[in-house]
Amino acid sequence: MAAEPPVLPGRDEARRWAEEELAKPEYRDAAPGWLDSVWADILDWLRSLDGGSGPDTTVAAPWIGVATAVLIGAAVVLARPRLNAKAKRAGDVFDVGTTVSAEAYRGRAAAAAAAGNWSAAAVDCFRALVRTAEDRTLFDARPGRTADEVAHELATPFPSEAGRLTEAARTFDGIRYGNESAGQADYAAVRELDIALQSLTPASAALPAERNEPAVPR
């Protein structure tokens, strides 16, 4: 007896499949890099629909095209809030709620360097640099400060190190937010800058609170 022809899904059915697939918890709660996993699952899902190019193909090519368009649209809608949120966070030096000391960051950096993990070493060394600036009250300790802001703000008390500060900030952002990797030279550059800043006297020794005080009449 001849097999019955396969039932092709309608547009609404294909859309429902796509929405159900992309609404899974792992997509909503995934860590950075989640979009790569989404697209990998999308491709697997499409291959399962296609079933190959042989006689056992269960879904016609036009319907796969419709499903693909629906998936792309759904992925864009779901991805935009995450991407916008990440763009707002990009450059933040410290993770939310972090209270690690400068010395602890330096210890972590040294351990990472000893293990050959130059990227982690450079990131933690830069964080040590920033934490030290906060401890010296060169700027206020506040959440959300970016690496670029650090370079700009520290260039005032340390004008001779402005170039190295900018380069260190770029290294930090490239590793932390640009999926770049660092080498031993990158870590060494950040470490040398950290050491140099500790030994330098700020160009203006006035504390932030003192700058806001009215001048005392002579």
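How many aromatic pairs does a search of the whole structure find? The search finds three. Rings of Phe, Tyr and Trp (its six-membered ring) are taken to pair if their centres lie within 6.5 Å, with planes under 30 degrees apart counted as stacked, over 60 as edge-to-face and the rest as tilted.

The model is predicted, so local features need pLDDT of at least 70 and side-chain atom pairs count only at pLDDT 80 or more, whereas totals for chains, interfaces and linings use all residues. Residues are numbered from 1 along each chain as its sequence is written, and side-chain values use heavy atoms, with hydrogens and water left out.

**Aromatic pair**

One of the three pairs joins Phe-94 and Tyr-105: the ring centres are 5.8 Å apart and the planes meet at 25°, so this pair is stacked. The pair links distant parts of the chain, 11 residues apart, with Phe-94 in the loop between α4 (61-89) and α5 (102-114) and Tyr-105 in helix α5. Helices (H or I, at least four residues) are DSSP runs numbered from the N terminus, as are strands (E, at least two). Phe-94 has 17% relative accessibility and counts as buried; Tyr-105, at 1%, also counts as buried. The classes are buried under 20% relative accessible area, exposed over 50% and partly exposed in between (1.4 Å probe, protein chains only).

Gly-97 is likewise placed in the loop between α4 and α5, but this glycine is exposed at 67% relative accessibility. Its C-alpha atom is separated by 8.3 Å from that of Pro-143, a residue 46 positions away along the chain.

**Charges over rings**

A charge sits over a ring if NZ of Lys or CZ of Arg is within 6 Å of the ring centre and within 35 degrees of the ring normal. Arg-145 places its charged end over the ring of Phe-139, at 4.0 Å from the ring centre. For Arg-176, the ring beneath the charged end belongs to Tyr-177, with 5.9 Å to the centre.

**Positive phi values**

Two residues other than glycine are listed below with their phi values, loops and accessibility.

| Residue | Phi | Loop | Relative accessible area |
|---|---|---|---|
| Thr-137 | near 55° | between α6 (118-135) and α7 (147-154) | 33%, partly exposed |
| Asn-179 | about 55° | between α8 (162-176) and α9 (184-199) | 74%, exposed |

Thr-137 has a positive phi and is not a glycine; the threonine is partly exposed. Asn-179 also has a positive phi without being a glycine, and the asparagine is exposed.
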